[in-house]
Amino acid sequence: MTQPILHVRDLSVALPKGADRPFAVEGVTLEVNPAEILCIVGESGSGKSVLTATLMGAAPRGLRVARGQALMSDEDLLRVSERRWRDIRGKDIGMIFQEPMASLNPALTVAQQIEEVFELHSDLPRAERQRRARALVEEMHLPEPDRILRSYPHQLSGGQCQRVVIAMALAMSPRLLIADEPTTALDVTTQAQVLKLIRELRDHHGHGIIFITHDLGVVADIADRIAVMRQGQIVEIGSAEQVLKSPAHDYTKALIAAVPSLEPHDRPPAPAGASALRVDALNHSYGTKQVLHDIEIDLSPGRVLSIVGESGSGKSTIARNLIRLTDPSSGRVVVAGQEMLALKGGALRKMRRKIQMVFQDPFGSLNPRRKVGPMIARAAMLSGASRAEAIARTKDLLELVGLQRSAYDRRPAAFSGGQRQRIGIARALAMQPDVLIADESVSALDVSVQAQVLDLLADLQSRLSLAVVFITHDLRVAAQISDEIIVLSKGHVVERGPASAVLSAPQHPYTRDLLAAAPGRGVF
Amino acid sequence: MKILLPYLKKPLVVIGVALSGGWLLVAFLAPILAPYDPLETLQPLARPMATGADGQLFVLGTDMLGRDILSRLIWGARTVVIYSTLATLTAYAFGMLFGLIAGYMGGRIDAALSFAANVVLSFPVLVLYIVIIVLIGASPLNIVIAVTFSSAPAIFRIVRGITMDVASRDYVAAAITQGESTWRILLVDILPNTTGPLAVDFCLRLGYTAITIGTLGFLGLGLPPPTPDWGGMVNEGRAMAIAFPHLVIFPCIAISSLTLGLSLLADGLREVNEAKERQA
């Protein structure tokens, strides 16, 4: 039996007085072995980030280690000086963070940043430092290593930056690697490549890796062992096989059940009749750069269309064009028989109620100064309701989206992310629109909350016979909610069709890549 | 009371509140607090704590015209509180109006308004005051106009910046897509979300304006005599300050204690705002 690299025993981290619970992390015991990836999975507020920050000697201000040990070669990491930490970080423990751009210094080239790690922790001569930096970059499968080494971070893509960060973390061959949501900010296809790289590192170098994530799909792809955290405690820990296939704890079961399946539901074909939304030859350019090419959409009432694409594909530009936050360069948008792009001033303001949007960020889409009830009622009044009608409609809507009537007099700060998204949905519905656009409306939510909001949207959509345009980067989410799917790549529609056809028999290579990259295939 | 609690835990804020609140109270209660009529000639150049011929006590002494300095300070507090508040409020009214419009509309409107603001800001502030007062004459109203004209552009720039930030939030996009009118978006969705940093600036600016009114008084461009005015008192006492330092020391203390109080208040507001943001 090999000696574990890190052994954490009964670790508790106390929160300041007045927080919603006494400990951010409570009684955590775990070990990390060589050549092993331990995934710590949990939803927001589970304490997973506090746990790893504490193990890196960087516990957030105001938090205090209450008890426990974190032994690494008989040295207790919780009790070493800040001076000693400077030796340990980079040399014994490597770290990878969520935002690759933010972890690199924008003023230094890649070569300078990697060589700096050697300068800090070794007395290798300059030529040797350069040789090793190059070797690392090659090992990360970065294309054209010489160009990459000369580049500044802003000249690289997010995935390339994250590989440079990994190269820096690995420079001194640390025994332990801590990765905090390292692929969350990346597109799925890039994520798949980085995950493959991390698996290679485990196999070739025998690093012990702690991998923090909220995404069970990623966990299924990468974990050797899994620790499930909830409210600061580890509720279940075991081999990946055991935790995913036969979870013992109810919370783990609920988490696994909430992962949306890639199997689309059977949907009836589109009914004949007038379309709720028609888009013809929509083009959009920023300056000389054309970001949308001849987009066509035809959506009947009561149907859900998902627009799936990675960052930069132009999917959010479509949304902003449809609700006329920005005007396209050319094309036609017809909502409920009315050409939208020709409208101006008061006529436009009147027609706007027909097409409403639910935004991505639940924390940025509600005015923090306004009470929820009046905010929704105002939307109702703008659509032509009288004051009394608007208030009655608001109360009905609050109930419809699953909130208490007492929510009426509260401000957004009193609600969680999922609840705020419900408020956003109620506000959009208060205008009784024909078309609802949901721009990544569930992507900021925890998986269990995401499932609830998706169910709510599907339910409302069928009850109110809404036409919904659902914009997402997540194929699983698209599979759950869509009748039809459009796959968007670099502003071009590369594939379109019924959800079942696109997901089970994709025609375009890009769609196949997307499907192949979806984390957790074969498990969920 | 609950809202005020975090503010009152900081000792500097308490000092700030005490100083600025104290002067506010003095200004309010001037007729009751002042021992004598500030314009009445009693006995020239009495030293502090001197007793007059009729047995009056001059706590802070009298000036060369024989007016009681304590009474003039107390009445002067009223002048400075009224005019600096009024001037700062009007400066804010203009600065916020144009700042909101420029920040939200952008484009040519923003370019034109920003250019105008930059032109005004490129003048040294003191020179600007003097030019304006010399052009339109010294009177209470004109002091308000001069301060408004020279402070509004700075407020404009702050409000414009915050507005551009707030206007990019999704709740503004939501209001647009609901067909809300531009004015209502500005007043309901943007304006209330700019107030945190503005409250800090307001306190600081109130202090600057108090100094400005003092400076104008000192230069002889302030309120026409014999209105009790702190800056004017320093100016009148200047020539005899070596022999009779009490003529200038007390008005100087008055001006600096008020400004200090407002600055401390601003610091405290900023700290509490930042703490609130960290929590959220």
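How far apart do the end C-alpha atoms of residues 141-159 of chain B lie, and what percentage of the span is helix? In this predicted model, the separation is 25 Å, and the span is 100% helix with 0% strand. The stretch is one of those that UniProt, in an unreviewed entry, annotates as "transmembrane region"; the others in chain B are residues 12-34, 80-103, 115-135, 202-223 and 243-266. For residues 12-34 of chain B, helix accounts for 91% of the span and strand for 0%, with the end C-alpha atoms 29 Å apart.

A broader annotation also applies to chain B: the unreviewed UniProt entry lists residues 77-266 as "domain: ABC transmembrane type-1". Here the chain is 81% helix and 0% strand, and 20 Å separates the end C-alpha atoms.

Turning to chain A, the UniProt annotation "domain: ABC transporter", again from an unreviewed entry, covers residues 6-256 and 277-515. Residues 6-256 of chain A are 42% helix and 25% strand, and their end C-alpha atoms lie 28 Å apart. For residues 277-515 of chain A, the figures are 38% helix and 26% strand, with 28 Å between the end C-alpha atoms.

The two chains meet in a contact that takes 21 residues from chain A and 14 residues from chain B. On the chain A side, helix H13 (345-351), strand E16 (355-358) and helix H14 (372-382) each supply at least two of the residues that touch chain B. By residue class, this side of chain A divides into ten nonpolar, four polar and seven charged residues. The three elements named above, H13, E16 and H14, fall within the annotated span 277-515 of chain A.

Conventions: Residues numbered from 1 in each chain as written. Chains lettered and ligands numbered in written order. Predicted model: local features only at pLDDT ≥ 70, side-chain atom pairs only at ≥ 80, totals over all residues. UniProt positions renumbered as here; feature names shortened; annotations may be inferred. Helix = DSSP H or I, 4+ residues; strand = E, 2+ residues; numbered from the N terminus. Contact = placed C-beta atoms within 7 Å. Nonpolar A, V, L, I, M, F, W, Y, C, P; charged D, E, K, R; others polar.
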